[in-house]
Amino acid sequence: MNNASASCSARQLLRRGTVDANGGHDGDDEPSGDREDKPPAGGDACHARSTQPLSGFCHSLPGLSPTFPENERSQQFRNLHYPDVTHEQWSDWRWQLKNRIRRLKDLQRLFNLTTDEMQAFRRGEPKLPIALTPYYASLMDPENGTDPLRRTHIPVGRERIVAPQELIDPLGEEERTVVPGLVHRYPDRVLLMATRQCATYCRYCTRSRMVGTQSHEKFQGFRQHWRQAVDHIAGDDRIRDVVISGGDPLTLGDEELGVLLQRLADIPHVEILRIGTKVPMVLPMRITPALAALLGRFKSLWINIHCTHPDELTPEASVALGRLADAGLPLGAQTVLLAGINDDAHTLKRLYHGLLRHRVRPYYLYQCDPIPGSSHFRTPVAKGLEVISQLRGFTSGLAVPHYVIDAPDNGGKIPVLPGMPLKREEGDLLLTNYQGRTCRYPDGMAGDSL
Ligand code: SF4
């Protein structure tokens, strides 16, 4: 383990685009929180060719015959902080999950934390657990607290400030939970929360009330709450579309995931399955050829990838996305609009163009949900409309997602468009949902600008 001063001077060499670092750390993190656990059993190690780099700071280790690419920045981070870890270990998704960064002292070893970030720990650990894969941490600027990916995963003191309109369950999912882990909000669709585990925890997560609260159960064939969910779906022939989310279902082992998908696919009235995941962005080595082949066996399976910023589009992500696309899986992307992180047309255009180059269709741009302590992430709706109007017509329609507000109180997703008449009452936006019901969205930060 390297000492603080050596770590700090070496970290300075890891600023984006500057590279020549070496140092030491044994990389022996162990999960510490009650809400987390160890990686699941099942699945395999990854073996693949590298593909076209996506961004300038990346390369694919010429001459080293890697089984998985490693961008230059991550390689330097590994050399500095995990000098005993081989490229093969680093490229193993289980190693990445086992060695997640979960505690303040580990963050301090890797990042020069700002006063604001330190404030998040003043009265103990934040409620939403912290987890960063070493890979994802390596994409962040260790010296700059405004780094976009860092802002999405390292808590700040403002996370402890809860505004009056913020809710633990802003979408009212608990109310529409019909059996444990199954939300039935729309007539023909259900949301199955297959796990509460994610590879990393986003500070703006809509399900911050529950993610990381349960350990991965040992694989025993089928989980009890899945059984109840499958029974519910099988018993309601209106349900034709099952969204499998969480948590992140791709943190499950191959065998377990395969069993769940098969049980759902076997229900005659279920026409499509959709997986929501951030894994290709934060743990791309999880998309092994075996996993891609498994998912590709399900003919009506769609993958929706949670992407935040073009900095996530590394050679590693490129291989992960390529494997999924090559397996025949239709890929979509969903992004949360985040203040100061991706709330400008230039950043989103770079993200969307990069995704399209990898056969991923931008699907939804979400207004950030008002979870407790999220005001520093939320933009006024006017900002989202401005960004969309700067994209429409200025790039191909494929690169322009639907901008939607997931309305509180079970309103569902409501699309908003530039030029659309919007009513306001006492700081709330009044929106009409698919049932014709008026829903209120607390857009208090928008002022009177709409
Ligand atoms: S990956 Fe999704 S479910 Fe997990 S913390 Fe991030 S937003 Fe929440």
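These are my notes on the sheet, two crossovers and the surroundings of one cysteine in a predicted model.

**Entry 1: the sheet**

I began with the strand order. Ten strands make up an open sheet, running β1-β2-β3-β4-β5-β6-β7-β8-β9-β10, with mixed pairing. I then looked for the edges and found β1 (177–179) and β10 (412–415), each of which pairs on one side only. From one strand to the next, I noted an average twist of 30 degrees.

**Entry 2: an antiparallel pair**

I looked up β2 (residues 182–186) and its pairing with β3. The two run antiparallel and are joined by three bridges. For a residue-level reference I took Val-183, which has Leu-191 of β3 opposite it.

**Entry 3: parallel pairs and their crossovers**

Next I went to β6 (residues 301–306) and β7 (residues 331–337), which run parallel and share four bridges. Within this pairing, Ile-305 is placed opposite Ala-333 of β7. I followed the chain out of β6: it passes through helix α13 (residues 315–326) before reaching β7, and the β-α-β crossover is right-handed.

I repeated the exercise for β7 and β8 (residues 360–367). Seven bridges connect them, again in the parallel sense. Val-336 has Tyr-366 in β8 as its bridge partner. Here the connection goes from β7 through helix α14 (residues 345–357) to β8, and this β-α-β crossover is right-handed.

**Entry 4: Cys-198**

Which loop holds Cys-198? I located Cys-198 between β3 (189–193) and α9 (224–234). Is Cys-198 buried or exposed? I counted 26 other C-beta atoms within 10 Å of Cys-198, and the cut-off for buried is 20 or more, so Cys-198 is buried.

I listed the contacts of Cys-198, leaving out residues up to four places away in sequence: Val-211, Gly-246, Gly-247, Asp-248, Thr-251 and Lys-278. I also checked Leu-97, which is 101 residues from Cys-198 along the chain; their C-alpha atoms are separated by 9.5 Å.

**Entry 5: the ligand shell**

Which residues are around the ligand? I wrote down Cys-198, Tyr-201, Cys-202, Cys-205, Arg-207, Val-211, Gly-246, Gly-247, Asp-248, Lys-278 and His-306. Sorted by class, the shell comes to five nonpolar, three polar and three charged residues.

I compared this shell with my contact list for Cys-198. Val-211, Gly-246, Gly-247, Asp-248 and Lys-278 are among the residues that touch Cys-198, and these five are also found around the ligand. I closed by placing His-306 of the shell in β6, whose residues are 301–306.

Conventions:
Residues numbered from 1 in each chain as written. Predicted model: local features only at pLDDT ≥ 70, side-chain atom pairs only at ≥ 80, totals over all residues. Pairing = 2+ DSSP bridges. Right-handed = clockwise from strand over helix to strand, strands pointing away. Buried ≥ 20, exposed ≤ 12 C-beta atoms within 10 Å, placed from the backbone. Contact = placed C-beta atoms within 7 Å. Near = placed C-beta within 6 Å. Nonpolar A, V, L, I, M, F, W, Y, C, P; charged D, E, K, R; others polar. Axes fitted to C-alpha atoms, helices over the stretch in contact; angles between N-to-C directions.
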